[in-house]
Amino acid sequence: MEARPVLPDAITAHVDDPRRRLVDQTLKRFQYRPDALIEVLHVAQGAYGFLGEELLSHIACQLNIPESQILGVATFYHAFALRPRGEHCCIVCTGTACYVKGGGEIVKALEAAYGIQAGQTTPDGRVSLGTARCLGTCSQAPLLMIDNTALGHEVVEGIAGRVAAALGKSSSGREPGS
Ligand code: FES
C-alpha cells in the first residue's frame, strides 16, 4: 500500500526526530492499516511520553482515520496520555542496542537523581522520566530524548548533570495551547 500524503511542514519539522521516524516506520510496517491504530499509539506514547495534537493528526492522516476516532481511542485507554505529565519529558531508550551500551544504567542514575521511578513525574511536576523500546536510531546508542532534543552516545558518568543542562535549555515539552 502507498504511504499517505504528509504535509510539507510536517516533513521539515520532524525530519531529524528519531521518535517521528519510529512512528513512521511502525505505520509502514503495518502498511497504514487502520486496524493497527492501537499498536501505533502504543509506539508513539512510548517514544514521546504523550500523544500530542499534531502527532495524533499525523497518525490520523496516515491511517486515513478521522481524528475524532483516534481521540476517542486515545482518551479511552489509561495507557495513553494526551499531555506530558510533567513540564519536561526525559525518555531513555532501553531497546537492545541502547540497553547493552548502558541505557539501563542511565535510567537507574536518573531515577536516583530525580527520586522517581521510570514512568513517574517529579512531585513538583517538572520532569517526567520514561523509557522507550528502540527509538530507531541505534547508531546513536545509548540515546535519550529531552523534550525535542536527542542526546546520543551517552554515558552514565555525569548523565544527571547533562540532562539538567539540557532541561535548562529546553523549552517546555508541552505543545502550544496544551
Ligand atoms: S535500541 Fe535505542 S535507538 Fe534502537
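This note goes through a predicted model of one protein, point by point.

1. Overall layout. The protein contains seven helices and four strands, and along the sequence these elements follow the pattern α-α-α-α-α-β-α-β-β-β-α. Of its 178 residues, 37% are buried. If one takes the contacts between residues at least 6 apart in sequence, 65% of them join residues at least 24 apart.

2. The nonpolar core. The largest nonpolar core has 39 residues, and those with the most contacts inside it are Ala44, Ala47, Cys90 and Leu110. This core draws at least three residues from each of two domains, namely domain 1 (8–76) and domain 2 (88–169). As background for a student meeting such a core, nonpolar side chains tend to be buried together in soluble globular proteins.

3. Ala44 and its surroundings. Ala44 is one of the residues with the most contacts inside the core. When its neighbours within four places in sequence are left aside, Ala44 is in contact with Val23, Leu51, Leu55 and Ile59. Two of these names, Leu55 and Ile59, return in the next point, where they appear among the buried residues of helix α4.

4. Helix α4. Which residues of helix α4 (residues 53–63) are buried? They are Leu55, His58, Ile59, Gln62 and Leu63. Seen down the axis of α4, these buried residues fall within an arc of 120°, so they line one face of the helix. The helix is followed by Asn64, whose phi is positive, near 55°.

5. Phe30 and the loop before α3. Phe30 has its place in the loop between α2 (18–29) and α3 (37–48). Is Phe30 buried, partly exposed or exposed? Phe30 counts as partly exposed because it has 18 C-beta neighbours inside 10 Å, whereas a buried residue needs 20 or more. Not counting residues up to four places away in sequence, Phe30 touches Ala36, Glu39 and Val40. For Phe30 and Val40, which are ten residues apart in sequence, the distance in space is 8.7 Å from C-alpha to C-alpha.

6. Strand β1. Strand β1 (residues 88–93) is mostly covered, with six of its six residues buried. In a regular strand the side chains alternate between the two faces of the sheet. In β1 both faces are covered, for His88, Cys90 and Val92 are buried on one side, and Cys89, Ile91 and Cys93 are buried on the other. Cys90 is also one of the residues with the most contacts inside the largest nonpolar core.

7. The partners of β1. How many bridges join β1 to β2, and do the strands run parallel or antiparallel? There are six bridges, and the two strands run parallel. Within this pairing Cys89 stands opposite Ser128, and the bridge partner of Cys93 in β2 is Ala132. With β3, by contrast, β1 pairs in the antiparallel sense over three bridges, and there the partner of Val92 is Leu144.

8. Strand β2 and the link through α6. Like β1, β2 is mostly covered, and six of its six residues are buried. On one side of β2 the buried residues are Val127, Leu129 and Thr131, and on the other side they are Ser128, Gly130 and Ala132. Together β1, helix α6 (residues 96–114) and β2 make a right-handed β-α-β unit.

9. The loop between β2 and β3. Most residues other than glycine have a negative phi, and most peptide bonds are trans. Against that background, two places in this loop deserve a careful look. Cys134, which lies in the loop between β2 and β3, has a positive phi of about 50° although it is not a glycine. Cys134 is buried, since 21 other C-beta atoms lie within 10 Å. Pro142 is found in the loop between β2 (127–132) and β3 (144–146), and a cis peptide bond with omega of about -10° joins Ala141 and Pro142.

10. His153. His153 is a residue other than glycine with a positive phi, near 55°, and it is found in the loop between β4 (149–151) and α7 (159–169). Is His153 buried or exposed? His153 counts as exposed, because it has 10 C-beta neighbours inside 10 Å and a residue is exposed if that number is 12 or fewer. Cys134, which also has a positive phi, is buried instead.

Notes
Residues are numbered from 1 along each chain as its sequence is written. This is a predicted model: local features need pLDDT of at least 70, side-chain atom pairs count only at pLDDT 80 or more; totals for chains, interfaces and linings use all residues. A nonpolar core is a set of buried Ala, Val, Leu, Ile, Met, Phe, Trp, Tyr and Cys residues joined through C-beta atoms within 7 Å. Domain bounds come from an automatic or database domain assignment. Two residues are in contact if their C-beta atoms, placed from the backbone, lie within 7 Å. The arc is that of the directions from the helix axis to the C-beta atoms. Two strands pair if DSSP finds at least two bridges between them. A crossover is right-handed if, with the strands pointing away from the viewer, the path from the first strand over the helix to the second runs clockwise.
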